[in-house]
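Reader: Hi! I've just opened this one and I'm new to it. Could you walk me through a few parts of it?
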Amino acid sequence: LPLTPDGQTPVRVLTIAGTDSGGGAGIQADSRTMALCGVHACVAVAAVTVQNSVGVSGFHEIPPETVAAQVRCVVDDIGVGAAKTGMLASTAIIEAVAAVCTEVGIGRDQPVPLVVDPVCASMHGDPLLHAEALDAVRNTLIPIATVVTPNLDEIRLITGIEVVDDATARRAAEALHALGAQWSIVKGGHLRTSASSTDLLFDGDTFLEFSSPRIDTGNDHGGGDTLAAAIASALAHGWSVPDAVAFGKEWVTKCLEASYDLGAGHGPVSPLW
Ligand code: PLP
């Protein structure tokens, strides 16, 4: 993506998400990705996780009105070209975020596109969303998404569909679109049935496929955040959704190749370059 010449105001993106004290996923992955993609990252913290490379041992939710106030004050002063949601933890936070996004013009059919990564749990299975908040993800969050980017576990929780092949991936993309997302992505990275990893993008009419070689690494912490943050960065630069998704897919593949060991568990997808 184009970098901004010195001294000029760069393109801005807002991430509304949770922190990762281990620096691998969440807001840390988002800000790092956005900076490397040539955009200034604004952050609205929704939750603070207690986390390292081995897992998440707890989290603390930020009061919903404080989450909304962060979004409002950034948009009022700095302005953003795109936004992204990650870990939102609870129904109350999801409702506050959806309301403030609608108020300030973020979301589908609004001036500022919104990438919704419907984070439910870590790769270790540690919960990052209260189970009762799944209804709010379905009925309040996904309906304002310009693009929704669930992984296969999240698709099962949200739609009840077990994605095992191309036909079930298409059904899942249709189900996510039916919930109200303008574009839905079904990420095939966790489907270990082929040598490549294929993501499916659907706008209610046409299916587009994006394939990359499968990178075999245990250092895949924060991969979903990195993909969604790269897509949001490209959208902020004014790219179309299909071009932004193609860019995000290439980006996360390069980041998987550059991932590194950290602690006793899984290292981060985010690279150091
Ligand atoms: N922690 C936070 C704050 C996150 O937002 C996410 C993912 O979205 C994770 C942890 C989990 O990352 P992973 O599934 O790669 O473990």
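Reader: Let's start with Ile16. Which residue in β4 does Ile16 stand opposite?
Author: Happy to help! In this predicted model, Ile16 stands opposite Thr85 of β4.
Reader: And how many bridges join β1 to β4?
Author: There are 4 bridges between β1 and strand β4 (residues 82–85), and the two strands run parallel.
Reader: What about β2, how many bridges join β1 to that strand?
Author: Strand β2 (residues 40–51) is joined to β1 by 9 bridges, and this pair runs parallel. To pick out one spot, Gly18 has Ala47 in β2 as its bridge partner.
Reader: What kind of unit do β1, α1 and β2 make?
Author: Together, β1, helix α1 (residues 26–36) and β2 form a β-α-β unit that is right-handed.
Reader: Why is β1 described as largely enclosed by the rest of the structure?
Author: That comes from burial: strand β1 covers residues 12–20, and 8 of its 9 residues are buried, so the rest of the structure largely encloses it.
Reader: Switching topic, which residues come nearest to the ligand?
Author: There are 18 residues around the ligand, and the nearest are Gly18, Ala25, Gly26, Ser122 and Met123. As for elements, β1, β2 and α7 (223–236) are the ones that each give two or more residues to that shell. You've already met Gly18, as the bridge partner of Ala47.
Reader: How do the shell residues divide into nonpolar, polar and charged?
Author: The split is 6 nonpolar, 10 polar and 2 charged.
Reader: Nice. Now α6: how far does helix α6 reach from its first C-alpha to its last?
Author: Helix α6 (residues 166–178) reaches 18 Å with its 13 residues, close to the 18 Å expected at 1.5 Å a residue.
Reader: Which residues in α6 are buried?
Author: Ala169, Ala172, Ala173 and Leu176 are buried there. These residues cover an arc of only 100° around the axis, so they sit on the same side of α6. Ala167 and Ala178, on the other side of α6, are exposed.
Reader: One last stop, Glu132. Is Glu132 buried or exposed?
Author: Glu132 is exposed, because just 9 other C-beta atoms lie within 10 Å, and a residue counts as exposed at 12 or fewer. You'll find Glu132 in the loop between β5 (114–116) and α4 (134–141).
Reader: And what separates the C-alpha atoms of Glu132 and Thr91?
Author: Their C-alpha atoms are separated by 7.4 Å, although Glu132 and Thr91 are 41 residues apart along the chain.

Terms used. Residues numbered from 1 in each chain as written. Predicted model: local features only at pLDDT ≥ 70, side-chain atom pairs only at ≥ 80, totals over all residues. Buried ≥ 20, exposed ≤ 12 C-beta atoms within 10 Å, placed from the backbone. Pairing = 2+ DSSP bridges. Right-handed = clockwise from strand over helix to strand, strands pointing away. Near = placed C-beta within 6 Å. Nonpolar A, V, L, I, M, F, W, Y, C, P; charged D, E, K, R; others polar. Expected span 1.5 Å × (residues − 1). Arc of directions from axis to C-beta.
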